[in-house]
Amino acid sequence: MANDILEKMKSSLLDLDMDATIENVNSIIRSDGTVSVQEAIDAISEALQVVGKRFQDGDWFLTELVYSGEIAKAAMELLSPLLAVGTSQQLGTIAVGTVAGDLHDLGKNIFINFARSAGFEVIDLGVDVAKEKFIGAVKEHSPLVLGMSCLLTVTAGEIGKVIEELINQGLRDKIKVIIGGACLTAGFAKDVDADAFAPDAVTGTDIIRKWITL
Ligand code: B12
């Protein structure tokens, strides 16, 4: 039953049927926990992997990529508020943005929602965030953690530039840096002197929670 409804939602997204996807997400929400919000978000991510493969293989074009992103965004907007009912704990402030040149924000937003529901105050810097804006946010808000999201190989170098600037401005030892996004790896994080790479939002939230409680 749980699998059926998740498969139905994935199929409707991959059929690029906005109405049916929204209806399926609403059925999941009405299922009262039979399917968890986390399972629904994972299913959307899985469908987007298929979108990426179709785009990469030349079976789908930019129009389909854009529209599938819009459907996923609309689905996430229904699911996100259900995550944000977590806790009244105040674990501290983190700042998160997608690096310069990159407009992908679905994964960043999922991480933000998980972090908020875990009790962090999150400053969302948005997408296409210039190095100067990351540094400005660190100076202004003194967050415990800086999170950077990056989905494009061509923009991954921006992460190293931000970290370099943190070092130049004497800020690096005051903040932990976590990075995430489909084109990154733990090895890349090591190369650019980030403190951690998270393959998904749940792992990312666990890592920053550990940093705070250690
Ligand atoms: C949807 C989508 C789009 C949408 C984005 C909509 C939006 N609002 O985000 C649009 C249409 C805008 C788009 C545009 C482009 N895209 Co695009 N896109 C995708 C797609 C299909 C899904 C991305 C996604 O949202 N995945 C689901 C989320 C949940 O996964 P995620 O982002 O990885 O996030 C998870 C983790 O990584 C982690 N995470 C992410 N960020 C962070 C940050 C922190 C701090 C932490 C802790 C964790 C964390 O947590 C998340 C949840 O678990 C991917 C395919 C793929 N396999 O990723 C291609 C993909 C990323 N796009 C690609 C390309 C090439 C483009 C374009 C260049 C296409 C073009 N020719 O114009 C443009 C670039 C525009 C730009 N300047 O940014 C390529 C990138 C290849 C590469 N390695 O460089 C991909 C991989 C497709 C492919 N296979 O070719 N895209």
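Here's a short walk through this predicted model, from the sheet to the ligand.

**Stop one: the sheet.** Select the 5 strands and color them by element. They form an open sheet with parallel pairing, in the order E2-E1-E3-E4-E5. Now look at the edges: E2 (120-129) and E5 (196-198) each have a single partner strand, so one side of each has no neighbour in the sheet. Tilt the view and you can follow the twist, which averages 20 degrees from one strand to the next.

**Stop two: one strand pair.** Keep E1 (residues 92-99) and E3 (residues 145-149) on screen; this parallel pair is joined over 5 bridges. For one of those links, pick Thr98 and look across to Ser149 in E3, its bridge partner.

**Stop three: a helix over the strands.** Add H5 (residues 106-118). This helix lies across E1, E2, E3 and E4 (176-180), and runs at about 170 degrees to E2.

**Stop four: the ligand.** Show the ligand and the 39 residues that surround it. Which residues are closest? Label Gly52, Gly107, Gly147, Gly180 and Gly204 to see them. Next, color the shell by class: you get 20 nonpolar, 14 polar and 5 charged residues.

Where does the shell come from? H5, E3 and E4, already on screen, each supply at least two residues, as do H3 (37-56), H4 (62-83) and H9 (201-213). Select H3 for the biggest share: this helix gives the most, with 7 residues.

**Last stop: the domains.** Color domain 1 (2-83) and domain 2 (92-213) separately, with the shell still showing. Each of the two domains contributes at least three residues to the shell around the ligand.

Notes. Residues are numbered from 1 along each chain as its sequence is written. This is a predicted model: local features need pLDDT of at least 70, side-chain atom pairs count only at pLDDT 80 or more; totals for chains, interfaces and linings use all residues. Two strands pair if DSSP finds at least two bridges between them. Helices (H or I, at least four residues) and strands (E, at least two) are DSSP runs, numbered from the N terminus. Axes are lines fitted to C-alpha atoms, for helices over the stretch in contact, and angles run from 0 to 180 degrees between N-to-C directions. Two residues are in contact if their C-beta atoms, placed from the backbone, lie within 7 Å. A residue is near a molecule or strand if its C-beta atom, placed from the backbone, lies within 6 Å of it. Ala, Val, Leu, Ile, Met, Phe, Trp, Tyr, Cys and Pro count as nonpolar, Asp, Glu, Lys and Arg as charged, and the others, Gly among them, as polar. Domain bounds come from an automatic or database domain assignment.
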